[in-house]
Amino acid sequence: MTHVTPAHSRRHHHWRRDLVELAALFTAVAVADTIANTIAHGPDGRALLLLSAVTLLATAGFHTWWARRHSHAPPGLATSAPDTAAGAHAPAPAAVPGTESGTAVWRMRTTVRDEPGSLATLCGALARHGVDILTLQAHPLADGTVDEFLLRAPGALSPAELTRAVTAGGGSSTWVERADAHDLVDTPTRVLNLATRTALDAAELPLALRQLLGRCTIRTLPAASLAGRPLAEPLPVEGVLEETVMRLRDPAGGALTIERPYLPFTPTEFARARALVELDARLGPRVPPRHDVLTLPEGNEITVRRAGPGDLAAARAMHERCSTATLEQRYHGPVGDADRYLNHLLSPRHGRTLAAYTASGRLTALGHLLWDGDETEVALLVEDAWQRRGIGSELLRRLVAMAAETECASVYAVTRSANTGMVATMRGLGLPLDYQIEGGTLVITARIAATPAPAPAPVSPPRGHRP
């Protein structure tokens with residue numbers, strides 16, 4: 001609240017200053033008259049004239065000092081002060097937030113009593129530390145309310161000091177972390193944007209849930225194992241909320257498990273997540289229809305597009321054309337089980353898949369971007385007859401660009417240490433790479449820049465694409 005001086009106080013200040021100026025003027029006139037009479041009748045008029053000049057200069061200097069001290073110059077920067085009781089004096093902050101040491105934006109959650117005035121007391125405690133409340137959400141509980149704030153605080157205010165201020169204002173179970181650009185968008189707008197992304201692409205559901213709930217781990221438990229045996233008891237339609245874990249029915253079958261150990265979920269967050277999953281279930285399987293037609297260096301055309309469950313038959317046919325060595329390098333297990341992985345890999349619930357088709361409609365390569373908890377895996381399978389033609393590099397560049405759009409910090413690929421083709425393809429990204437070898441298995445991690453990667457360049461200029 002900006003402090004403003006009342007109008008009647010300014011009027012009292014005006015007439016007091018005018019009265020002092022008039023008194024000074026009469027005094028100066030009386031002194032001048034006395035000096036003039038003394039000079040006229042005294043023996044040493046020159047000395048007295050000099051004394052009068054000094055007196056006048058001193059009087060003028062005093063008047064100038066007084067005028068500057070009580071002038072009507074515009075006030076300095078306004079400062080914020082909390083409401084105080086009658087007669088109390090609230091000390092002004094030492095510095096205006098953001099004018100000297102800068103400001104910081106924080107996300108904060110705290111639990112307050114469900115009583116009238118509890119929120120006002122908490123806001124007053126924040127105001128006394130120069131903290132500005134940008135947004136506020138209330139999550140009602142059975143025995144209180146969880147208030148979620150977006151705060152702009154002085155840069156010198158540490159998280160510990162902020163927490164102590166909240167505790168003094170009646171908050172408990174306080175959690176604080178630095179905010180990012182996504183938090184500056186109001187909650188209804190952010191939820192609508194996430195719903196739109198989910199409606200356009202089924203692969204967006206895990207990402208939308210992560211952006212909705214913050215840092216969390218999302219895992220998918222299929223309804224049955226690869227052998228067809230049921231893995232767990234079916235969940236109730238409404239799902240289950242257990243403090244830091246929520247479980248929801250996966251529209252694709254099975255269950256979605258979302259964990260956030262550092263901060264319990266609230267019923268409001270559970271309802272939002274459940275609504276997003278229900279939207280996905282109502283819309284059914286969907287993949288954006290866009291595809292690009294590219295020309296390989298030798299002149300062959302390939303079409304690169306998103307793949308889904310509808311590509312299952314073509315993927316199985318490609319498996320039959322691949323050699324045993326190629327399938328072993330990709331799946332790291334019995335070749336006979338390769339077809340069983342396809343349902344999982346082609347499901348948009350687990351990530352995004354790109355497919356490369358020839359002009360005759362034959363599937364020649366698959367590239368997978370798989371959500372693996374907090375990490376992201378990339379994987380490639382190129383049919384033997386189409387290897388070393390740039391198709392794998394093209395798919396990988398596009399997958400990494402997709403990962404950058406979803407703000408993944410890194411991607412990793414698992415292959416055999418003897419797979420020099422995959423190593424060369426990862427090195428062709430031009431990104432910092434980390435290598436880990438254990439028992440003949442090589443894990444290559446590529447660190448993605450903080451800014452989204454530019455759209456990948458095609459092998460050669462595309463002849464056209466259709467949305």
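Select E177 to begin: in this predicted model, E177 has a relative accessible area of 17% and is therefore buried, since the cut-off for that word is under 20%. Keep E177 on screen and add R215, its partner in a salt bridge whose closest N and O atoms are 3.1 Å apart. E177 belongs to strand 4 (residues 172–178), while R215 sits in the loop between helix 6 (205–213) and strand 5 (217–221), so the pair ties together parts that are 38 residues apart in sequence. Unlike buried E177, R215 counts as exposed, because its relative accessibility is 52%.

Next, widen the selection to R107, R109, E148, R260 and E269, which together with E177 and R215 are linked in a network of salt bridges. Side chains of opposite charge can pair when their charged atoms come close.

Now move to E204 and select R352 along with it, for these two residues form a salt bridge with their closest N and O atoms 2.1 Å apart. E204 is in the loop between helix 5 (187–200) and helix 6, and R352 is in strand 11 (residues 351–358), so this salt bridge ties together parts that are 148 residues apart in sequence. Are these two partners buried or exposed? E204 is buried, with a relative accessible area of 9%, and R352 is also buried, with a value of 6%.

The following stop is E328, to be shown with R416: they form a salt bridge, and the closest N and O atoms are 4.0 Å apart. Here too the pair links distant parts of the chain, with E328 in helix 9 (residues 324–331) and R416 in strand 14 (residues 410–416), 88 residues apart. E328 is partly exposed at a relative accessible area of 27%, and R416 likewise counts as partly exposed, at 38% relative accessibility.

Before leaving the charged residues, you may wish to display every pair of this kind, in which case a search of the whole structure finds 18 salt bridges.

For the last stop, select T376, which is found in strand 13 (residues 375–382). Which residues is T376 in contact with, once its neighbours within four places in sequence are left aside? They are L369, L370 and W371, together with C408, S410, V411 and Y412. With these residues displayed around T376, note that T376 counts as buried, because its relative accessibility is 3%.

Definitions and conventions. Residues are numbered from 1 along each chain as its sequence is written. This is a predicted model: local features need pLDDT of at least 70, side-chain atom pairs count only at pLDDT 80 or more; totals for chains, interfaces and linings use all residues. Side-chain values use heavy atoms; hydrogens and water are left out. Helices (H or I, at least four residues) and strands (E, at least two) are DSSP runs, numbered from the N terminus. Buried means under 20% relative accessible area, exposed over 50%, partly exposed in between (1.4 Å probe, protein chains only). Contact means heavy atoms within 4.5 Å. A salt bridge is a side-chain nitrogen of Lys or Arg within 4 Å of a carboxyl oxygen of Asp or Glu.
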